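This briefing looks at how a ligand is held and at how two sheets are built. Please keep the sequence and the structure in view while reading.

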Amino acid sequence: MPDAAAPGSRPATTQLDALIVGAGLGGLYAIHRLRGMGMTVRAYEAGSDVGGTWFWNRYPGARCDVESLEYSYAFSDALQQEWKWPERYGTQPEILRYINHVADRFDLRRDVRFNTRVTSAVFDADAGEWTVLTDRGEVVRARFCIMACGNLSTPRLPDFKGLQSFKGAWYHSGLWPTEGVDFTGKRVGVIGTGSSGVQMIPIIARQAKHLHVFQRTANFILPARNAPMEEERERRHKADYPARRLAAYDTPFAIGGHPKPTRSALEVSPEERRAAYEAKWQEGGSISFLYTYTDLLVNQAANDTAAAFVREKIRGIVKDQEVARLLCPNDHPIGTKRLCLDTGYYETFNRDNVTLVDVRSDPIAAVTETGLRTGTASFELDAIVFATGFDAITGALNEIDIRTTAGAVLKEKWQAGPLTYLGLMVAGFPNMFIITGPGSPGVKTQMIASIEQHTDWIADCLGHLRAHGLDRIEPGEAAEAEWVQHVNDVADSTLYPLANSWYVGANIPGKPRVFMPYVGGFDRYKRRCDAVAANGYEGFTLTRRQPAMA
Ligand code: NAP
């Protein structure tokens, strides 16, 4: 394939079968899978190395909240047998080491262009291919575009006045310096108490002279109970790894090892319920907790019992009852925002050098030269950490100018909320596939399982096109509308929409409030995708470009 030209000269056009945006877990598997079909592929990656989320999110305490024996690729049994996870939950450095190992083992780096951001992608309706531009001036033409640019990859800073004037250092959890940050002896402010804030706060508290935690919304946080990997557990898991993966695919979260619940929280006595929640609290982890009863995510009264249990725990751990009251979530059902897993989070508020600041009742008004100011108080800080989240699910796609020569513009089409068929494709944008995009169950599952399922489906689809002499696929408007309706109907049958979460874009001012992930479960979703393929790609139009008349 021709390469980009030397600096100064006119860039040559690179021709590919498939261009991939991103070299995180999604992009890397897409390289491997499509290259295995004999396709010419290349991934474009803004970072200087592989890893995506795990490349950027290097904040102290960053760790996966899905157990490491589950949160890993399944496509190669040799890989899953040989890799040794040292702990129950992988740390960011360990997961990044694993991703680098995968990149080397399968020789994936040679098809990644690093330090390069895709800026625009235009589908040429006549030529039937995409023309993609990068911020390094490269022009790439590709029959297919695979968007593997991540769901939580567009960091978001609140629009506070005065940040430029701040004389100290500031950081965002999702753009953490590679060399790390030492907060020893510093007065630190952490803004945000989602998964990222919850993981970093106990660690920063141990380093800092004083830590102010600026909390707008209290979250439900369960113990992770991280521990070194038990050898016997690992041995048993690896003895039937492929069967365990298959069993996991038959569950809503694509996570195995947890017996499916059989009873409602409301059909047992309060004592039995309490004992069940206590057992899950001791076991650690979010999925096992949500699996205590069948109806925790669909019935408010059932949910209330679990929420009350966690609040009681918070009041038991945190000594100052006014601080405990502020830490008790009170504005959403448990599990409807991403549940956080902690190691010593609530205990951290018993430290003398930690202060919880309620910025719900007294919002942050501005960053000052020396710290932060709310409506009523000022805080002197040497460093500010923004654990303020991401423009989730659609953010990275909307940063690319995606359009067609027929006049379609993705950002315009998605103005009132994203529309996709199966979360995989968008009507009006042929040959563009999305890995774990809006309408996919991705973020509500073991993400790597969804990545592999989506990519395998796409690869099979491309194989089908090739086998039938076709080169173009696009979903129909009706199929897309039906899927979007289904995604909404399923969400509305649960408690999820009651929370102001990033699932509905509530963390981004002005973003349309639309429930974006598919919460019908990975198992149900996979069956639907398989059926669509088995029925000749039902809902899609598959065609062959007519050669231009001589
Ligand atoms: P997040 O869950 O969106 O949390 C952002 C936090 O910042 C929230 O507490 C939010 O408050 C607060 N915030 C935003 N703007 C604010 C403002 N103007 N003033 C005060 N507070 C403000 O982001 P995240 O913690 O980075 O996590 C995002 C997702 O990434 C997670 O849900 C999870 O899926 C994934 N993640 C996973 C792990 C893991 O595997 N362990 C770790 C980190 C992240 P409000 O709630 O009031 O908006």
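A polar contact is a pair of N or O atoms within 3.5 Å. With that cut-off in mind, a backbone N or O atom of Thr-193 lies 2.9 Å from an oxygen atom of the ligand, and this pair therefore counts as a polar contact. The model is a predicted one, and the points below take up the ligand and then the two sheets.

**Ligand surroundings**

- In the side chain of Ser-196, an N or O atom is 2.7 Å from an oxygen atom of the ligand, while a polar side-chain atom of Trp-502 lies 2.9 Å from an oxygen atom of the ligand.
- The ligand has 900 Å² of accessible area on its own, and the protein covers 88% of that area.
- Two or more residues of the shell around the ligand come from strand 3 (63-67), and the same holds for helix 5 (195-207).
- There are 26 residues around the ligand, of which Arg-63, Ser-196, Arg-216, Thr-217 and Trp-502 come nearest.
- By residue type, the shell around the ligand divides into 10 nonpolar, 9 polar and 7 charged residues.
- The ligand lies between domain 1 (13-154 + 392-543) and domain 2 (163-386), because both domains give residues to the shell around it.

**The parallel sheet**

- An open sheet is formed by 5 strands, which follow the order 9-18-10-11-14 and pair in a parallel manner.
- Strand 9 (169-172) and strand 14 (354-358) each have a single partner strand and stand at the edges, so one side of each is left without a neighbour in the sheet.
- On average, and with direction ignored, neighbouring strands of this sheet are turned by 20° against each other.
- Strand 9 runs parallel to strand 18 (residues 383-386) and is joined to it by 4 bridges; within this pairing, Ala-383 in strand 18 is the bridge partner of Ala-169.

**The antiparallel sheet**

- A further open sheet consists of 3 strands in the order 15-16-17, with antiparallel pairing.
- Its edges are taken by strand 15 (364-368) and strand 17 (378-380), each of which has a single partner strand, so one side of each is left without a neighbour in the sheet.
- Neighbouring strands here are turned by 20° against each other on average, again with direction ignored.
- Strand 15 and strand 16 (residues 371-374) run antiparallel and are joined by 4 bridges, and Arg-373 in strand 16 stands opposite Ala-366.

Note on methods
Residues are numbered from 1 along each chain as its sequence is written. This is a predicted model: local features need pLDDT of at least 70, side-chain atom pairs count only at pLDDT 80 or more; totals for chains, interfaces and linings use all residues. Side-chain values use heavy atoms; hydrogens and water are left out. Two strands pair if DSSP finds at least two bridges between them. Axes are lines fitted to C-alpha atoms, for helices over the stretch in contact, and angles run from 0 to 180 degrees between N-to-C directions. A residue is near a molecule or strand if one of its heavy atoms lies within 4 Å of it. A polar contact is a pair of N or O atoms within 3.5 Å; within protein, one must be able to donate a hydrogen and the other to accept it, and residues adjacent in sequence count only if both atoms are side-chain atoms. Accessible areas come from the Shrake-Rupley method with a 1.4 Å probe; for residues, only the protein chains shown count as cover. Ala, Val, Leu, Ile, Met, Phe, Trp, Tyr, Cys and Pro count as nonpolar, Asp, Glu, Lys and Arg as charged, and the others, Gly among them, as polar. Domain bounds come from an automatic or database domain assignment.
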